[in-house]
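Visitor: I should like to be taken through this structure by question and answer. Where shall we begin?

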Amino acid sequence: MNKIWNISFLLVIFASLIPLSQAFSQEDDQTLASTPFSEEEVIPNYHYEYIPDFTYDEVEERISKMDSELAFELNDRIFSFIQYFTVRNRDYTRMVLARKDLFFDLFDETLKKHEMPVEIKYLSIIESGLDPQIRSRVGAVGLWQFMPATGRMYNMYVNSEVDDRMDPEKSTDAAAKYLKSLYRMFGDWEVAMAAYNCGPGNVRKAIRRSGGKKTFWGIYNYLPRETRSYVPQVQAMLYILNHLEEHNLNLEDPTYYQVSEKIRFDRALNLTKLAELTDLCTKDLESINPSIKNGKVSESNKSIALNIPKSKASYVKQNLAWLSDSLNNSPTTFLTDNGKLVLEPVEGQDEDLQLNAITYKVRSGDVLGKIASVHGVTVTQLKSWNNLYSNLIRVGQNLTIYSGSTQTIAETRTNSSGQLLYIVQPGDSLWIISKKHAGLTIEQIKRLNNLNSNNIKPGQRLIIG
């Protein structure tokens, strides 16, 4: 015991001999206190968002004052989704806010036309997040997530180039018709929305298992798990989008609706070429025509009406003749030149082409590439001369090929009557010819040559003056 006490005493004595560090001196404290400091170095800059608190009773009171055709009463399930979309997943709500002005006017107009509650539009938020081109893991597509079979029931068709389910107008009208038929079937809008999600067969099964109850909350426990969450989410969004300020959900950068007008071109076309001719942005055309895949309209889909920005619609309609004529040509080809993209119009590639025309009959095993190689021409030229919109050819088909002459085409000459003639070059259109000759219009060319259409062929002689 004495030994332990002696060791402790010696440690205390030793510690008392150690000088104090400057870090603990009073003088140094005074020096620090008198030294000016930078707020940027000392005070951290926190970026945060104010999320207002709210109670169940506050939300219930707000809902009771809402003027809504699709009435609902608050419960714990709906309240939990309100908390989710206003607190935990505010980013999803902001995304919806950024897109809603693109479609809500269309939704309201369509639902009113079908005499349905306009609040049904919130169902599209849960279905697709208001993305017209979204595709689910099971193959449902568009703002209202139609499966191919259901889409065909409402005249929405799908092929390699067009998917009508991505068309906002067609899909919204189809959704309204389908939901209205489900309402007639079950007599309750909440149940109709449930049937839209899981199918009327599952809803009928839930009604039987519940003992014949016919309200959503009456059959709630007998519905598929996903559907139990589906309708409460729609109702949560209905509340939230009507009480944005109370939850500090103010959109800073909205996406504005681009007013457009439908115009029918009645021909195959490429959106890039159309944008090029009309001084529009290709992305703008694609965004207002989401049902067109790969930016192309084929001959089989030529009757489709395209949405054109309102600011350009008048110009397009006034110049529809030459636009339709020029759309027959391939879009500008992009070539690489020292790592940079340069533009080379397709018609410029054919200036040195010989005039001698031959007719080639397609044989078994032929493809355009092989035919072009044998005759020393390109696939693009073959397609242009024969008005082909794809690389598909059939056995026995006749193809016109211009090759074999040693004399190049003289574009203009004068005939014995003193008329000025123009010899059509491969890649030419009436619009291109009119632009080559100042003061000449498409209508004048057609009148001088008794043309009933805009179709012309390489080697054809046209009177131009």
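**Ala 192 and its surroundings**

Guide: Leaving aside residues up to four places away in sequence, Ala 192 touches Leu 179, Leu 182 and Tyr 183. The model under discussion is a predicted one.

Visitor: Is Ala 192 buried or exposed?

Guide: Ala 192 lies in helix α10, which covers residues 189–198. Buried means under 20% relative accessible area. The relative accessible area of Ala 192 is 0%, and therefore this residue is buried.

Visitor: What distance separates the C-alpha atoms of Ala 192 and Thr 215?

Guide: Ala 192 and Thr 215 are 23 residues apart along the chain. Their C-alpha atoms are separated by 9.9 Å.

**Salt bridges**

Visitor: How many salt bridges does the structure hold?

Guide: One of the salt bridges joins the side chains of Lys 65 and Glu 61, at 3.3 Å from N to O. Another salt bridge is formed by Lys 113 and Asp 173. The number in the structure is twelve.

Visitor: Which residue of the salt bridge between Lys 65 and Glu 61 is exposed?

Guide: Exposed means over 50% relative accessible area, and partly exposed lies between that and the buried range. Glu 61, with 44%, is therefore partly exposed. With a relative accessible area of 63%, the exposed residue is Lys 65.

Visitor: How many residues apart in sequence are the parts that Lys 113 and Asp 173 tie together?

Guide: The side chains of Lys 113 and Asp 173 meet in a salt bridge of 3.1 Å, N to O. Lys 113 belongs to helix α6 (residues 90–113) and Asp 173 to helix α9 (residues 168–186), so the pair ties together parts whose separation in sequence is 60 residues.

Visitor: Which residue of the pair Lys 113 and Asp 173 counts as buried?

Guide: Lys 113 has 58% relative accessibility and therefore counts as exposed. At 17% relative accessibility, the one that counts as buried is Asp 173.

Visitor: About how many helical turns separate Asp 173 and Lys 177?

Guide: Asp 173 also forms a salt bridge with Lys 177, with the closest N and O atoms 3.1 Å apart. Lys 177 counts as partly exposed, at 40% relative accessibility. Because the two residues are four apart in helix α9, their separation is about one helical turn.

Visitor: Which residues are linked in a network of salt bridges?

Guide: Asp 173 has a salt bridge with Lys 113 and another with Lys 177. The linked residues are therefore Lys 113, Asp 173 and Lys 177.

**Charged surface patches**

Visitor: Which residues gather in a patch of negative charge?

Guide: One member, Asp 57, lies in helix α4, residues 56–64. Asp 57 counts as exposed because its relative accessibility is 56%. The residues of this surface patch are Asp 53, Asp 57, Glu 58, Glu 60 and Glu 73.

Visitor: Which residues form a positive surface patch?

Guide: Arg 204, one of them, is found in helix α11, residues 200–209. Arg 204 is partly exposed, with a relative accessible area of 39%. The patch is formed by Arg 204, Lys 205, Arg 208 and Arg 209.

**The protein as a whole**

Visitor: What percentage of the residues in the protein is buried?

Guide: The protein has 21 helices and eleven strands. Its accessible surface comes to about 27,400 Å², and 49% of this belongs to carbon and sulfur atoms. Of the 465 residues, the buried share is 43%.

Notes:
Residues numbered from 1 in each chain as written. Predicted model: local features only at pLDDT ≥ 70, side-chain atom pairs only at ≥ 80, totals over all residues. Heavy atoms only, no water. Patch = residues over 30% accessible without salt bridge, like charges linked within 9 Å, V, L, I, M, F, W, Y side chains within 5 Å. Areas by Shrake-Rupley, 256 points an atom, 1.4 Å probe, with all protein chains shown as cover. Salt bridge = Lys/Arg side-chain N within 4 Å of Asp/Glu carboxyl O. Lys, Arg positive; Asp, Glu negative; His and termini not counted. Charge placed at Lys NZ, Arg CZ, Asp CG, Glu CD. Buried < 20%, exposed > 50% of the residue type's maximum accessible area, 1.4 Å probe, protein only. Contact = heavy atoms within 4.5 Å.
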